[in-house]
Amino acid sequence: MEPSDEKTTPSASTTSADLHSPTHDAAEAGHPLAGKPWMYRSRRIGPIYIPAYASPPFQLGLVAIVCFLCPGMFNALAGLGGGGQFDATTANNANVALYSTFSVVGFFAGTFANRMGIKLTLSLGGIGYFIYIASFLSYNRNQNGGFPIFAGALLGVCAGLLWCAQGAIMMSYPPEASKGRYISWFWMIFNFGAVLGSLIPLGQNMHSDAGGVNDGTYIGFMVLTFCGAALAWFLVDARQVQRADGSHVVLMKHPTWQSELLGLLETLKTDSWVVLLFPMFLASNWFYTYQFNDVNLARFNVRTRALNGVLYWLSQILGAYVFGYALDISRVRRSVRAKAAWAVLFVITMAIWGGGYAWQRQYTRAETSGKDYVKMDWTGGGYVGPMFLYMFYGFYDAAWQTCVYWFMGALTNNGRKLANFAGFYKGIQSAGAAIMFRIDALGAPFMNEFASCWGLLAGSLLVALPLIMMKVRDTVPLEDDIKFSDETIEEVMPTLARDDQEGKVN
């Protein structure tokens with residue numbers, strides 16, 4: 001059946017711009033088109049609805065697929081522990097380099113995203129994942145540890161750009177009422193990439209009880225990450241995006257390097273409360289080293305690690321769905337939802353990590369580091385308990401990340417400011433990861449690393465509580481969002497609201 005263009009009348013208020021709500025024809029809506037007219041027409045092919053190319057749902061879907069193919073494959077490889085190697089030392093050193101550069105570039109990446117634009121920033125970020133995985137293929141053959149360290153440092157620069165652009169899209173493109181769902185959609189698609197990535201080593205090592213993965217695993221990851229880097233070029237710039245009600249993303253029309261560097265400082269000045277979220281940022285990747293290296297790598301053989309990875313990332317998809325949709329329950333005021341989310345996070349922090357403590361008491365680094373140590377296989381006794389613990393760890397990670405993004409998105413709708421928030425998040429997050437990878441590389445006791453994870457997670461929630469109690473409002477007025485931009489209300493407001501204003505003037 002031939003596709004047919006659909007044109008609908010925009011609603012007076014932005015309530016739900018999800019994958020099933022049609023995007024109107026922007027040319028008829030009365031706003032000037034930043035892109036070509038075809039970008040603003042939704043289509044239907046039989047029963048299948050396709051949002052307009054320049055609509056938030058379509059653009060978020062593209063970004064999610066890019067992250068599915070690039071960071072998703074990276075996560076699958078990391079989830080095997082030690083980058084798929086028998087010994088984690090090389091991967092730990094590469095990750096220290098990665099997260100060290102990531103922390104610096106990430107913190108300032110909002111400046112790059114606001115100056116260069118979302119599309120270019122995201123595109124430059126994708127290629128680093130391909131090079132990083134190629135370095136481990138090289139290491140598998142020649143044991144040259146310098147290449148993974150260089151690739152890790154390069155990936156830190158690239159990932160800082162990619163994740164800042166992704167965060168800005170995910171938090172600034174959707175209307176207020178749909179931010180939780182947009183975050184969940186992204187997180188589910190992105191983590192399905194890690195599920196697929198974990199199935200590759202699972203299939204290739206199904207009948208192997210070795211400690212490291214084979215070359216074919218790395219080659220499969222390289223093909224997928226290259227496709228993801230190429231796909232990023234098909235995004236549109238943020239200025240071309242238009243929501244279902246005709247409103248636009250609040251940005252700077254004429255950004256300069258000077259304006260965006262000053263804007264970074266201005267964000268910290270005008271939204272100084274955001275520093276109360278910094279400990280949550282630090283904690284958000286802190287526990288990955290412990291879970292991947294000190295649980296999965298330390299105790300399980302390669303095929304069981306791959307299975308654990310599949311279950312871990314599937315649990316992330318479930319966690320993102322549950323929390324993302326719960327955070328958008330419209331019959332409960334947003335300020336109340338924020339407090340409830342904090343309370344649920346605190347409860348599951350105590351419950352899941354309490355179970356982790358019982359598991360960690362059963363083994364030590366000295367016990368598992370010997371070459372003659374027999375690692376657990378899924379066919380052995382006692383596997384079911386740690387399997388479910390690892391799944392709960394994955395669910396918890398998605399819950400944490402979804403809530404942190406949602407908390408940031410609840411503070412403002414300004415795309416320029418949210419790019420800076422995303423940069424702060426990824427920069428501080430990566431600093432924590434670099435520190436933890438270094439601690440693990442130095443051979444710290446597993447129990448010490450576990451305690452640092454649990455303590456930081458619980459403590460950061462307490463630090464964030466004043467912001468959640470006092471700064472998350474039920475809605476952010478457009479007048480507040482526009483203050484951090486050189487745009488006018490008329491340029492970004494919903495179409496019908498603009499038409500009503502013009503009618504009153506006439």
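These legends accompany several close-up views of a predicted model.

**View A. The largest nonpolar core and its best-connected residues.**
Welcome to the middle of the model, where the largest nonpolar core brings together 141 residues. Those with the most contacts inside this core are Tyr132, Trp163, Phe186, Leu277 and Trp353. The top contributor is helix 15, spanning residues 384–411, which supplies 17 residues. For a feel of the packing, pick out leucine 277: beyond residues up to four places away in sequence, its contacts are Phe407, Met408, Leu411, Ala464 and Leu467. In soluble globular proteins, nonpolar side chains tend to be buried together.

**View B. Leucine 98 and its neighbours.**
Follow helix 4 (residues 89–116) and you will meet leucine 98. Is leucine 98 buried or exposed? With a relative accessible area of 2%, leucine 98 is buried, the cut-off for that label being under 20%. Setting aside residues up to four places away in sequence, leucine 98 touches Phe74, Tyr132, Gly152, Ala153, Leu155 and Gly156. Tyr132 is also among the residues with the most contacts inside the largest nonpolar core. Phenylalanine 150 makes a handy reference point here: its C-alpha lies 8.5 Å from that of leucine 98, although 52 residues separate the two in sequence.

**View C. The hairpin of strand 2 and strand 3.**
Here strand 2 (residues 42–45) and strand 3 (residues 48–50) run antiparallel and are joined by three bridges. If you are looking for a landmark, arginine 43 stands opposite isoleucine 50 in strand 3. Two residues lie between the strands of this hairpin. In the turn, glycine 46 has a positive phi of about 65 degrees.

**View D. Helix 2 in its surroundings.**
Helix 2 covers residues 56–69, 14 residues in total. From first C-alpha to last, helix 2 reaches 20 Å, close to the 20 Å expected at 1.5 Å a residue. Why can helix 2 be called largely enclosed by the rest of the structure? The reason is burial: 11 of its 14 residues are buried, so helix 2 is largely enclosed by the rest of the structure. Nonpolar members of the buried set include Leu60, Leu62, Val63, Val66, Phe68 and Leu69, and Gln59 is buried as well.

**View E. The loop between helix 15 and helix 16.**
Two residues of this loop deserve a friendly introduction: threonine 412 and asparagine 413. Threonine 412 counts as buried at 3% relative accessibility, and asparagine 413 is buried too, with a relative accessible area of 13%. A polar atom of the threonine 412 side chain lies 3.1 Å from the backbone nitrogen of asparagine 414. Asparagine 413, for its part, makes a side-chain polar contact of 2.9 Å with glutamate 176. Leaving aside neighbours within four places in sequence, the contacts of threonine 412 include Lys179, Leu418, Val476 and Asp481. With neighbours within four places again left out, Lys179, Leu418, Val476 and Asp481 are also among the contacts of asparagine 413.

**View F. The salt bridge between lysine 417 and aspartate 271.**
The structure holds nine salt bridges, and this view shows the one between the side chains of lysine 417 and aspartate 271, with an N to O distance of 2.9 Å. Lysine 417 sits in helix 16 and aspartate 271 in the loop between helix 9 (257–270) and helix 10 (278–283), so the pair ties together parts that are 146 residues apart in sequence. Lysine 417 counts as buried at 9% relative accessibility. Aspartate 271 is buried as well, at a relative accessible area of 15%. Lys417 also appears among the contacts of threonine 412.

**View G. A salt-bridge network and a separate pair.**
Which residues make up the network? Asp294, Arg365, Asp440 and Glu449 are linked in it by salt bridges. Within the network, arginine 365 and aspartate 294 have their closest N and O atoms 3.9 Å apart. Their pairing links distant parts of the chain, with arginine 365 in helix 14 (residues 365–368) and aspartate 294 in helix 11 (residues 286–299), 71 residues apart. Aspartate 294 is buried, its relative accessible area being 1%. Now turn to the salt bridge of arginine 473 with aspartate 480, where the closest N and O atoms are 3.1 Å apart. Arginine 473 is partly exposed at 36% relative accessible area, and aspartate 480 is partly exposed at 27%.

Note on methods. Residues numbered from 1 in each chain as written. Predicted model: local features only at pLDDT ≥ 70, side-chain atom pairs only at ≥ 80, totals over all residues. Heavy atoms only, no water. Core = buried A, V, L, I, M, F, W, Y, C linked by side-chain atoms within 4.5 Å. Buried < 20%, exposed > 50% of the residue type's maximum accessible area, 1.4 Å probe, protein only. Helix = DSSP H or I, 4+ residues; strand = E, 2+ residues; numbered from the N terminus. Contact = heavy atoms within 4.5 Å. Pairing = 2+ DSSP bridges. Polar contact = N/O pair within 3.5 Å; in protein donor to acceptor, adjacent residues only side chain to side chain. Salt bridge = Lys/Arg side-chain N within 4 Å of Asp/Glu carboxyl O. Expected span 1.5 Å × (residues − 1).
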